[in-house]
Amino acid sequence: MSTPRTPLIAGNWKMVLDHQQGTLLVQKLDWTLKDAKHDYSAVEVVVLPSHTSLRTVQTLIEGDKLSIVLGAQDVSAHDAGAYTGEVSGPQLAKLGVRYVAVGHSERRQYHGEDDTLVAAKTAAALKHGLVPIVCVGEALEVRRAGQHVEFTVAQVESALAGLSPEQVAGLVLAYEPVWAIGTGEVATPEDAQEVCAALRGAVGRVFGADAAAAVRVLYGGSVKPASIASIMAQPDVDGALVGGASTDAVDFASIVRFRDHPA
Ligand code: PGA
């Protein structure tokens with residue numbers, strides 16, 4: 001039995017916009033999508049602002065009753081306490097944040113986040129009612145060595161260890177090959193499908209067929225309006241995690257409307 005999975009398009013703004021720019025972007029995105037009569041029950045639209053912009057974007061979303069969903073780029077593994085600079089799950093949940101990216105390759109690469117910390121952050125997100133978007137992906141050397149499937153499957157198995165099948169069914173995985181992030185280098189749709197299918201297969205082996213059918217798997221890495229349709233045409237790709245193109249309302253709206261483009 002297959003579970004219908006609502007496509008999810010998430011915009012990772014990284015450390016690019018301040019809160020005023022973020023507010024303008026969300027307003028423009030909303031107008032652009034409304035103009036095109038976007039059906040939010042057909043594609044879920046999420047934005048991941050910097051922590052400094054969460055409050056203003058939340059106020060806008062709530063005040064104007066927008067259907068855009070709020071996410072954050074990172075969460076602490078700890079609930080509260082002396083962790084200078086960190087932002088906790090309860091703090092994010094209180095702000096109306098629903099999704100949180102965990103284990104983005106830039107966190108792994110520049111902040112030394114390892115699989116153990118990524119697993120702790122995933123558990124912390126779930127504990128506080130947030131939906132983790134668990135990011136995995138291989139570096140170029142790993143792909144050249146033909147190890148990309150084993151590598152990303154191991155990252156997912158480690159991040160999800162100890163969770164229940166129900167928890168896994170409700171979360172989101174994002175396959176982002178490191179060599180394709182911000183480089184203009186997009187994995188081919190077949191590359192995306194190969195790994196996304198392998199990740200779903202790994203979920204099935206460990207957590208069962210229902211969790212595998214329900215878990216949403218995104219592709220990320222230089223997604224643009226011109227490349228989204230063929231990526232979304234892949235059976236195991238349920239959406240995209242978009243960086244650079246998500247800070248332009250017109251491009252991001254065009255990605256959200258992937259069904260309008262020829263595959
Ligand atoms: P990019 O970033 O679309 O700019 O490659 C994707 C990401 O890092 O989430």
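Contact here means heavy atoms within 4.5 Å. Keep that in mind for the packing stops below. One more thing before you start clicking: the model is predicted.

**Whole chain first**

Show everything as a cartoon. You should be able to pick out 12 helices and eight strands. The radius of gyration is 17 Å, close to the 18 Å the globule rule gives for 263 residues, so the chain is as compact as a globular protein of that length. If you draw a box along the principal axes, the C-alpha atoms fill roughly 50 × 45 × 35 Å.

Now switch on a surface. About 11,400 Å² is exposed, and carbon and sulfur atoms supply 54% of that area. Of the 263 residues, 54% count as buried. Colour by charge and you get 21 positive and 30 negative side chains, with the centres of the two sets 5 Å apart. If you like contact maps, take the contacts between residues at least 6 apart in sequence: 73% of them join residues at least 24 apart.

**Helix 12**

Select residues 249-256, which make up helix 12. How many of the eight residues in this helix are buried? Six are, so call the helix mostly covered. Show side chains for Ala-249, Phe-252, Ala-253, Ser-254, Ile-255 and Val-256, the buried ones. What do they pack against? Turn on strand 1, helix 1, strand 2 (44-48), helix 11 and strand 8 (239-242), and you have their packing partners on screen.

**Along helix 1 to Asp-30**

Stay with helix 1, which covers 19-35, and click on Asp-30, one of its residues. Buried or exposed? Asp-30 is buried, with a relative accessible area of 6%. Beyond the neighbours within four places in sequence, Asp-30 is in contact with Tyr-40, Leu-66 and Ile-68. For a distance label, try Asp-30 to Ser-67: they are 37 residues apart along the chain, with their C-alpha atoms separated by 8.4 Å.

**Strand 3 and Leu-70**

Next, select 69-72, strand 3, and centre on Leu-70. At 4% relative accessibility, Leu-70 counts as buried. Leaving out neighbours within four places in sequence, the contacts of Leu-70 include Val-46, Val-47, Leu-54, Val-57, Ile-61, Leu-95 and Val-97. Arg-98 and Tyr-99 are also among them. For a long measuring line, go from Leu-70 to Arg-144: they are 74 residues apart in sequence and 36 Å apart in space, C-alpha to C-alpha.

**Helix 2 and Thr-59**

Helix 2 is residues 51-63, and Thr-59 sits in it. Here the accessibility changes: Thr-59 is partly exposed, at 44%. Draw a C-alpha to C-alpha line from Thr-59 to Gly-96 and you get 9.5 Å, for two residues 37 apart in sequence. Gly-96 should ring a bell, being one of the contacts of Leu-70.

**Strand 6 and Val-172**

Jump to 172-175, strand 6, where you will find Val-172. Val-172 counts as buried, at 0% relative accessibility. Which residues does Val-172 contact once neighbours within four places in sequence are set aside? Show Leu-8, Tyr-99, Val-131, Pro-132, Ile-133, Val-134, Arg-216 and Leu-218. Tyr-99 turns up here as well as in the contacts of Leu-70. Ala-101 is worth a label too: its C-alpha is 9.2 Å from that of Val-172, across 71 residues of chain.

**Two loops with positive phi**

Got a Ramachandran plot open? Find Lys-14, which has a positive phi of about 50° although it is not a glycine. Lys-14 is in the loop between strand 1 (8-12) and helix 1. Then look up Ser-222, another residue other than glycine with a positive phi, near 55°. Ser-222 belongs to the loop between strand 7 (216-220) and helix 11 (225-232). With a relative accessible area of 10%, Ser-222 is buried.

**Last stop: the cysteines**

Search the whole structure for disulfides and you find zero. Select Cys-135 and Cys-196 to see how that pair looks. The sulfur of Cys-196 is 12 Å from the closest cysteine sulfur, in Cys-135, which is too far for a bond. Cys-135 counts as buried at 1% relative accessibility, and Cys-196 counts as buried at 0%.

Terms used. Residues numbered from 1 in each chain as written. Predicted model: local features only at pLDDT ≥ 70, side-chain atom pairs only at ≥ 80, totals over all residues. Heavy atoms only, no water. Helix = DSSP H or I, 4+ residues; strand = E, 2+ residues; numbered from the N terminus. Rg over C-alpha atoms; globule rule 2.2 N^0.38 Å. Buried < 20%, exposed > 50% of the residue type's maximum accessible area, 1.4 Å probe, protein only. Areas by Shrake-Rupley, 256 points an atom, 1.4 Å probe, with all protein chains shown as cover. Lys, Arg positive; Asp, Glu negative; His and termini not counted. Charge placed at Lys NZ, Arg CZ, Asp CG, Glu CD. Disulfide = S-S within 2.5 Å.
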